[in-house]
Amino acid sequence: MSEQQRNSWTAATEELGELNVDDGGIDTTVPHSARIWNYWLGGKDNFPVDQRAGDEYAQTFPGIFELARSSRAFIGRAVTHLAADHHIAQFLDIGTGLPTENNTHQVAQRANPRAHIVYVDNDPLVLTHAEALLTSNLEGSTQYIEADLRRPDLILERARNLLDFDQPIAVMLMGILGHIATHDQARTIIGDLMQGVPAGSFLALYDGTATNPDLLSAQEGYDDTGAVPYKLRHPDQITAFFDGLEVLPPGIVPIHQWRPTTADPVPVDAHGGIGRKP
Ligand SMILES: C[S@@+](CC[C@H](N)C(=O)[O-])C[C@H]1O[C@@H](n2cnc3c(N)ncnc32)[C@H](O)[C@@H]1O
């Protein structure tokens, strides 16, 4: 991160620290997904309400820190695989989260400096930081859409102005589908998004799984805090998100088993993979 970027980041955070629910739609009284995620990842862009909610969660499920780290590592491996091995140069990353290390554009542009990335999120805090920090190199591009995943039509409409829809696009839904209340609704959204991108495009996705009683119990407590609830799903339901797509090896698997770079990765309760639109 350059000195200029660091200053922009600090200024954005200080400005946001003075905001409340009436200014710009950022509510600092209710814990928020992107900010709690940032806290678990060791970031500084969160408020006391997020830290409290994050700590309470971790008391019931201490593995949440490893799950957050492992998820970011999965994103890195998935984006590298798409850019380097499948020559994908366009990424539509929906549910961006607050900028951290190895953001999608940095990973993709390391493999292909000409990669174009469009980030999508519905959180004003994410938007403010993304505009300050998610800046591209000269050959590629990084752009940002403020939009809600529940309106895939609007996301596609705006993305059409920013990406070339005659060329394959990697649609990324990383750790966001739990915010969609029902499985059917999530499948419809994925179907709409994949219908809108050309053949040869990819879906890259992971989500937390309902495979650990402590994680389920922590999630129930979180859902009671007033934050937007997060629905943990069965691994079979996550696999079903890829129906109609050609799933790449090694399949839809626990993310620590997806093309691991270490011999003995720490197991986590999240499933994911990549599928190609035929
Ligand atoms: C748990 S974070 C995941 C961040 C990142 N993708 C990762 O895996 O590290 C979920 C992100 O989804 C965003 N989000 C939640 N609901 C959303 C919605 N309905 N539309 C768009 N973004 C949403 C949150 O603001 C947050 O940035």
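**Figure 1. Met172 stands opposite Ala204 in strand S5.** This view, like the others, shows a predicted model: local features need pLDDT of at least 70, side-chain atom pairs count only at pLDDT 80 or more, and totals for chains, interfaces and linings use all residues. Residues are numbered from 1 along each chain as its sequence is written, and side-chain values use heavy atoms, with hydrogens and water left out. Strand S4 (residues 170–174) runs beside S5, and the two pair in the parallel sense over five bridges. (Strands pair if DSSP finds at least two bridges between them; strands themselves are DSSP runs of E, at least two residues, and helices are runs of H or I, at least four, both numbered from the N terminus.)

**Figure 2. Strand S5 (residues 202–208) is mostly covered.** How many of its seven residues are buried? The answer is seven of seven, where buried means under 20% relative accessible area, exposed means over 50%, and partly exposed is in between (1.4 Å probe, protein chains only). Here's a handy rule: in a regular strand the side chains alternate between the two faces of the sheet. In S5, Phe202, Ala204, Tyr206 and Gly208 point one way, while Leu203, Leu205 and Asp207 point the other way.

**Figure 3. Met174 is among the residues with the most contacts inside the largest nonpolar core.** That core has 48 residues, and Tyr57, Leu82, Phe91 and Ile274 are also among those with the most contacts inside it. Its largest share, nine residues, comes from helix H4 (residues 64–85). (A nonpolar core is a set of buried Ala, Val, Leu, Ile, Met, Phe, Trp, Tyr and Cys residues joined through side-chain atoms within 4.5 Å.) Leaving out residues up to four places away in sequence, Met174 touches Phe74, Ile75, Ala78, Ile94, Gly95, Ala204, Leu205 and Tyr206, with contact meaning heavy atoms within 4.5 Å.

**Figure 4. Phe241 sits in the loop between helix H10 (235–240) and strand S6 (246–247).** Is Phe241 buried or exposed? Phe241 is buried, with a relative accessible area of just 3%. Not counting neighbours within four places in sequence, its contacts include Leu177, His183, Ala186, Ile190 and Arg233, plus Leu203 and Leu205. Thr188 is 53 residues away along the chain, and its C-alpha atom is 9.4 Å from that of Phe241.

**Figure 5. Trp37 and Trp40 make an edge-to-face pair in helix H2 (residues 33–40).** The structure holds five aromatic pairs. For this one, the ring centres are 6.1 Å apart and the planes are at 75°, so the pair counts as edge-to-face. (Rings of Phe, Tyr and Trp, using its six-membered ring, pair if their centres lie within 6.5 Å; planes under 30 degrees apart are stacked, over 60 edge-to-face, and the rest tilted.) Why are these two about one helical turn apart? Because they are three residues apart in H2. Trp37 is partly exposed at 22% relative accessibility, whereas Trp40 is buried at 7%.

**Figure 6. Tyr57 and Tyr222 make another edge-to-face pair.** Their ring centres are 6.1 Å apart with the planes at 80°. The pair links distant parts of the chain: Tyr57 is in helix H3 (residues 48–60) and Tyr222 is in helix H9 (residues 213–223), 165 residues apart. Both tyrosines are tucked away: Tyr57 counts as buried at 5% relative accessibility, and Tyr222 counts as buried at 8%. Together with Trp37 and Trp40, they form one aromatic cluster.

**Figure 7. Glu220 is an exposed residue of helix H9.** Its relative accessible area is 55%. Lys231 is eleven residues away along the chain, and the C-alpha atoms of the two are separated by 9.3 Å.

**Figure 8. Two arginines lie over aromatic rings.** The charged end of Arg160 sits over the ring of Phe165, 5.3 Å from its centre. Arg259 lies over the face of Trp258, at 5.8 Å from the ring centre. (A charge sits over a ring if NZ of Lys or CZ of Arg is within 6 Å of the ring centre and within 35 degrees of the ring normal.)
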